[in-house]
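Q: Please take a close look at one part of this model and work outwards from there. I would like the reasoning spelled out where there is any.

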Amino acid sequence: MAMCSKAGLAGSIYGTLTAAIAPLLLLHLKWRRLKGLEDAQEWRQRLGSASIPRPTGPLFWFHAVSVGACSWCEGLSAIPVIQKCLQARPWVTILMTTSTVTAFIVLKRTLPHGVLCQFAPIDTPTAVNRFLSHWQPQAAVFMENELWPNLLCTSAVKGIPLALLNARMSSKSFKRWSFHAARPLVATMLANFSLICPLSTAEGVRLQLLGAPPTNIHFAGNLKYAWGVFNFDGVRKLEETLIKELSGRKVWLAASTHAGEEEVIARIHKNVRQDIKELLTVIVPRHPKRGYKIQRDLSKPGLSVVLRSLQEHIQAETDIYVVDTIGELQQFYGLTPIAFVGGSLLNGLSGHNMAEAAACGCAVLTGPHIGHFSKMVGEMQRHSQLSIEQVSGEDELQHVLKELLSDPVFLKRRQEAAKYALTCAAVGVVETVWKLLEQLA
């Protein structure tokens, strides 16, 4: 059973329970594999079984989980730090792990040459021990809020220095972790981190209240800004045919949309099209598997909707182009002058990252429901008020969109402001984080 270095009853109980239900978790993994939610070839990595031998020499391990099915995931924000590590210590092997098929596909396509990519083990004592015994990392870096008791506690027991970057602890998560039964366990996990870099002062305070040692908390900035301005030569280009099809249209993009938002986007498209006949709306849903449903639902009002996954071409009469593929959001940001970042129009949603759109030179719009991303909006707007426009809802989004499409000079100012603000926000973040990480191993 995995035990924490500062163990207690909570850690022991968790280890015992996860060991007991391991057979059920194995069945669940097999079910997920049949459903296509786990990689058919590599799913045994989730049991801690590596698919490749461990290279000789020191190895640093980065772990992140996907936040959705678009190109963005926590793993991408780690890439500038990984690149910095490879430059400073070229003899070190980097291992990146993730927990979802989507993130695995995106990372394999995007990680710098030579970085190893594997699936992380499920959080059972056997899987975690098998994983750590094989890879034997000299340091482990976790992204955002990846708190898995067996994984963290067993790593600490083995003497592996732990860091948590871009650490998030929303008020909602704080309340959940503060629950009497959970608090001893989260306190044990946080106490094992030698370095925690929270995204804000408020989150740093919450992490301390939950048990993170104050001396181990350092503010370094948001690595999502750093990824936004990070240029990686391996980014795949879109085909010339598609670029030509887009070039003759007035294009805007709705990114990371959720169910219910596409209907709003379609209504806006129909209204704006009355004044701008050559309008084309590109929708990149948060979950690409919804592409067929989106096409079916949006075609009912008489719109012409085509799917990228079917390699359908954009015709003169096409109204909406649905990008229901994985890992292409950045490329489409680069082709569209206006980007509305979804997950933000409807109650119950909490927004998505806007830095990538800004870095690609889009005029950036978002809705009223953006959760902790409100801090990003505030930081960007401090550098330039024109960097991000947060609309109050459907009517204002339609108004702002029509204004931008009708005034190329104002649109250009918005685009330049977004890129400028993002560049300013990213200054020094990677260097600061790396200096802190250098002290770990």
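A: Gln-45 counts as buried in this predicted model, because its relative accessibility is 4% and the cut-off for burial is under 20%. Gln-45 sits in the loop between H2 and strand S1, the latter covering residues 59–63. Apart from neighbours within four places in sequence, Gln-45 is in contact with Ser-51, Gln-118, Phe-119, Ala-120 and Pro-121. Of these contacts, Gln-118 and Phe-119 fall within strand S3, which spans residues 116–119.

The helix before that loop offers a contrast. Leu-24 belongs to helix H2, residues 22–34, and Leu-24 is exposed because its relative accessible area is 58%, where the cut-off for exposed is over 50%. Between Leu-24 and Thr-257 there are 34 Å from C-alpha to C-alpha, with a separation of 233 residues in sequence.

From the contacts of Gln-45 the path leads into the sheet. S3 pairs with S2 in the parallel sense, over four bridges. One of the pairs on record here is Thr-98 of S2 with Phe-119 of S3, and Phe-119 is also a contact of Gln-45. Between these two strands comes helix H4, residues 101–110, and S2, H4 and S3 together form a right-handed β-α-β unit. H4 is largely enclosed by the rest of the structure, because seven of its ten residues are buried. Those buried residues are Val-101, Thr-102, Ala-103, Phe-104, Val-106, Leu-107 and Thr-110.

What about S2 itself, residues 93–98: how many of its residues are buried? Six of its six residues are buried, and S2 is mostly covered. In a regular strand, side chains alternate between the two faces of the sheet. In S2, Thr-93, Leu-95 and Thr-97 point one way, while Ile-94, Met-96 and Thr-98 point the other, and all are buried. On the S1 side, S2 runs parallel to its partner, and five bridges join the two strands. Ile-94 in S2 is the bridge partner of Phe-60.

S1 also pairs with strand S4, residues 139–143, in the parallel sense and over four bridges. Within that pairing, Ala-140 of S4 stands opposite Trp-61.

These pairings belong to an open sheet of six strands, ordered S3-S2-S1-S4-S5-S6, with parallel pairing. S3 and strand S6 (195–198) are at the edges and have a single partner strand each, so one side of each is left without a neighbour in the sheet. From one strand to the next, the twist averages 20°. Helix H6, residues 149–157, lies across S1, S4 and strand S5 (162–167), and runs at about 140° to S5.

Leu-165, which lies within the span of S5, leads from the sheet to the nonpolar interior. The largest nonpolar core has 38 residues, and Phe-62, Leu-165, Leu-223 and Leu-437 are those with the most contacts inside it. Leaving out residues up to four places away in sequence, Leu-165 touches Val-141, Phe-142, Met-143, Glu-144, Leu-195, Cys-197, Leu-223, Val-433 and Leu-437. A second, separate core has 37 residues, including Leu-246, Leu-253, Phe-332 and Ala-425.

Leu-253 of that second core brings in another set of strands. Strand S7, residues 250–257, pairs with S11 in the parallel sense over three bridges, and Leu-253 has Ala-339 in S11 as its bridge partner. S11, residues 338–341, is covered on both faces: Ile-338 and Phe-340 on one side, and Ala-339 and Val-341 on the other, are all buried. S11 is also paired with strand S12 (residues 363–366), in the parallel sense over four bridges. There, Ile-338 has Ala-363 in S12 as its bridge partner.

Ala-425, also in the second core, lies within helix H18, residues 408–426. H18 packs with helix H17, residues 394–406, at an angle of about 110°, and their axes are 5 Å apart. That makes H17 roughly perpendicular to H18, because angles of 65 to 115 degrees count as such. The contact involves Glu-403, Leu-404 and Ser-406 from H17, and Pro-408, Phe-410, Leu-411 and Arg-414 from H18.

Terms used:
Residues are numbered from 1 along each chain as its sequence is written. This is a predicted model: local features need pLDDT of at least 70, side-chain atom pairs count only at pLDDT 80 or more; totals for chains, interfaces and linings use all residues. Side-chain values use heavy atoms; hydrogens and water are left out. A nonpolar core is a set of buried Ala, Val, Leu, Ile, Met, Phe, Trp, Tyr and Cys residues joined through side-chain atoms within 4.5 Å. Buried means under 20% relative accessible area, exposed over 50%, partly exposed in between (1.4 Å probe, protein chains only). Contact means heavy atoms within 4.5 Å. Two strands pair if DSSP finds at least two bridges between them. A crossover is right-handed if, with the strands pointing away from the viewer, the path from the first strand over the helix to the second runs clockwise. Axes are lines fitted to C-alpha atoms, for helices over the stretch in contact, and angles run from 0 to 180 degrees between N-to-C directions. Angles under 35 degrees count as roughly parallel, over 145 as roughly antiparallel, 65 to 115 as roughly perpendicular and the rest as oblique.
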